[in-house]
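I sat down with this model to look up its ring contacts, one helix and one serine, and I kept these notes as I went.

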Amino acid sequence: MILTDKEEESWGGLELLFGSVKIHEVDVPPPEGETKIRNNLLKERPEMFLKEKSVRPGVLVLINDCDWELCGMTEAVLEEKDSVVFISTLHGG
Amino acid sequence: MACMNCETDGGGCGSGCSCSSSLPLKATGAASCLCIKCKDGVPAITVGNQTEPMCASCLYVSLLSKFKTAVNNHGLITPSDNVLVAVSGGPASRVAVEMLKEIRSKAQSDADASKDGTMKVFRLGVVYVDEATVLRLPESEAEAAVNSIKEMYDGIPVHTVELDCVYGTDGLPSDEDGDSASSKLKLTKLFESVKDMTGKEDMLELLRMQAIQTVAQISGYTKVVLALTATRIAAKVIAATTKGQGYSLPAFIQYLDGRWPIPVVLPLRDCVARELALHCHIAKLTTIFVRGLTTMADPRSSLNNLAHHFITLLQEENPSREHTIVRTAAKLTSFSFNAEVVPPSRRRRNPRNHDKGGGKSELSPEFLCSICRAPLQSSDMSPQTETTVGNGRDSSGNYADMKSTCCPSCLFQIFPEDGVQAEEKYLLFPDSTRKASTSTFSQRQKWMRSQIQDYLLPEETSGLFEYQLLFLTTMKLLLNLHTTSIYPWISRQLLNDVY
């Protein structure tokens, strides 16, 4: 099992779902990633962030400032010190 | 399998590329997809323009070129303009201001370098409307938002106004509308009286625009820039369709909206929200998020919210959906107030942008809904009611005038009441809205009268002469209507008899 240190940021209003804290440093053993977010970090309305096994449409995910569409989306393998950023595009400019 | 767009060393390419390799990629290390625009093999960081992997700088170049094309080809901003950008703290308006700053500094250096020194450069300012009264935000949150806005836009004039400024005619509370505390109270009561959440959201948007127009007029701005992206416009198209606003829909989605005292332009109409948000993050442009009426609420809480979620869902499957919706809606004929004034150098390239003198208003002037300023179809304008025809009617108008000059959507969502309740609600609207409704009502009466002037009986007639006149007038009317009818022989008979 590889322990990864991930930094998670959320922008665009998503921080409201995480108790208004924008940056979280997280230790995430791989299989538990999703549950950890759901149980520990998401303070309210999980359905606004998660949809089944993936994030809700309208949430942009960047892994090391690279769009996760180019990295395999949910299949991407994360490593230590990776930075994951979630940006909500539902409320625009 | 070789991929045209990217070079791989055995790894996969993800969904942005057209090759069909499906091995998972490592997130760290160089992304195996390369930017298709850069010639020197720079790794791509996102999928822009719907399907092209791009690096961060090419993404910005693509957004900026769309912005500049919109501004130049449609004559949205001229060097003599004083431009006011409406900002909300979000990424779209943030990027719009940055791009305008960049365009302006280039124009300034061109002006400085020019020999005769007469080249003008447009001026820039921003406005932020504080809606804390309606959104019921704690004062600290509202204040923090205003301070953040001032910091973000340091260096250019920043105007911050509270939403209840719409209750004053010159930015200050007028005598008729009372002092500041009572205007906040009026605003709160007005919103409480609208039970429908979609109606509340729409009214908030309209009052916000009125506040922006107030600031623009007082401070001498000549154009208002609204950072509406293709995403938001596509959502508006869907929402407007569900609200039955099909007739007025084209008015809201063009590059130029001339219904307001200070024209409103939409230069970000060809950019999608996702790319702007991404650029903001990469370029480290600070943004703030202020809660709206339906933040954290179920998507079904309002039609606007639902439409937005729907668009987002569509976009996930196919990134070009937003553009397709906007392009399709743009095929509807726009109104005379959407006509652009295009510089002669651009006119030949884009014949569609010519100043449309006719459009839908060849035969009648455009009458606008008192509340949302949507163009009214003649069938939407309800006939005069008993209460308005009477001796007791004063020059300031009443709720029935307003209701007869509202579009069906506003009547349903915002002003469904009648009788005493309607009278009370009428008084809660800003003075400017009430005056506009009275003016629209009387203009419409005048125009209708002018159309039937020829067929009205003169006032002093009596007895047999009156009957003869009535007969002749009726015949004249019928002849005018039936000269090319399927009963030409009747017409000929009448012609012989009358003349």
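**Aromatic cluster in chain B**

I began with burial and noted that B:Phe335 and B:Phe337 are both buried, where buried stands for under 20% relative accessible area, exposed for over 50% and partly exposed for anything in between, with a 1.4 Å probe and protein chains only. This is a predicted model, in which local features need pLDDT of at least 70 and side-chain atom pairs count only at pLDDT 80 or more, while totals for chains, interfaces and linings use all residues. Residues are numbered from 1 along each chain as its sequence is written, chains are lettered from A and ligands numbered from 1 in the order in which they are written, and side-chain values use heavy atoms, without hydrogens and water.

Over all chains I found 4 aromatic pairs, a pair being rings of Phe, Tyr or Trp (its six-membered ring) with centres within 6.5 Å, stacked if the planes are under 30 degrees apart, edge-to-face if over 60 and tilted for the rest. The rings of B:Tyr247 and B:Phe335 have centres 5.6 Å apart and planes at 70°, so I entered them as edge-to-face. This pair links distant parts of the chain, 88 residues apart, with B:Tyr247 in the loop between helix 7 (230-242) and helix 8 (249-252) of chain B and B:Phe335 in the loop between helix 11 (321-329) and helix 12 (344-347) of chain B; helices here are DSSP runs of H or I, at least four residues, numbered from the N terminus. B:Tyr247 is partly exposed at 25% relative accessible area, whereas B:Phe335 has 1% and is buried. B:Phe335 also forms a stacked pair with B:Phe337, at 5.3 Å centre to centre and 10° between the planes, and I therefore logged B:Tyr247, B:Phe335 and B:Phe337 as one aromatic cluster.

**Helix 6 of chain B**

I then turned to helix 6 (residues 197-218) of chain B, whose 22 residues reach 32 Å from first C-alpha to last, close to the 32 Å expected (1.5 Å times one less than the number of residues). Because 17 of its 22 residues are buried, I describe helix 6 of chain B as largely enclosed by the rest of the structure. Just after helix 6 of chain B, B:Gly220 takes a positive phi of about 75°.

**A serine in helix 2**

Is B:Ser93 buried or exposed? I read 0% relative accessibility, so B:Ser93 counts as buried, and I placed B:Ser93 in helix 2 (residues 91-113) of chain B.

How values were computed
Helix = DSSP H or I, 4+ residues; strand = E, 2+ residues; numbered from the N terminus.
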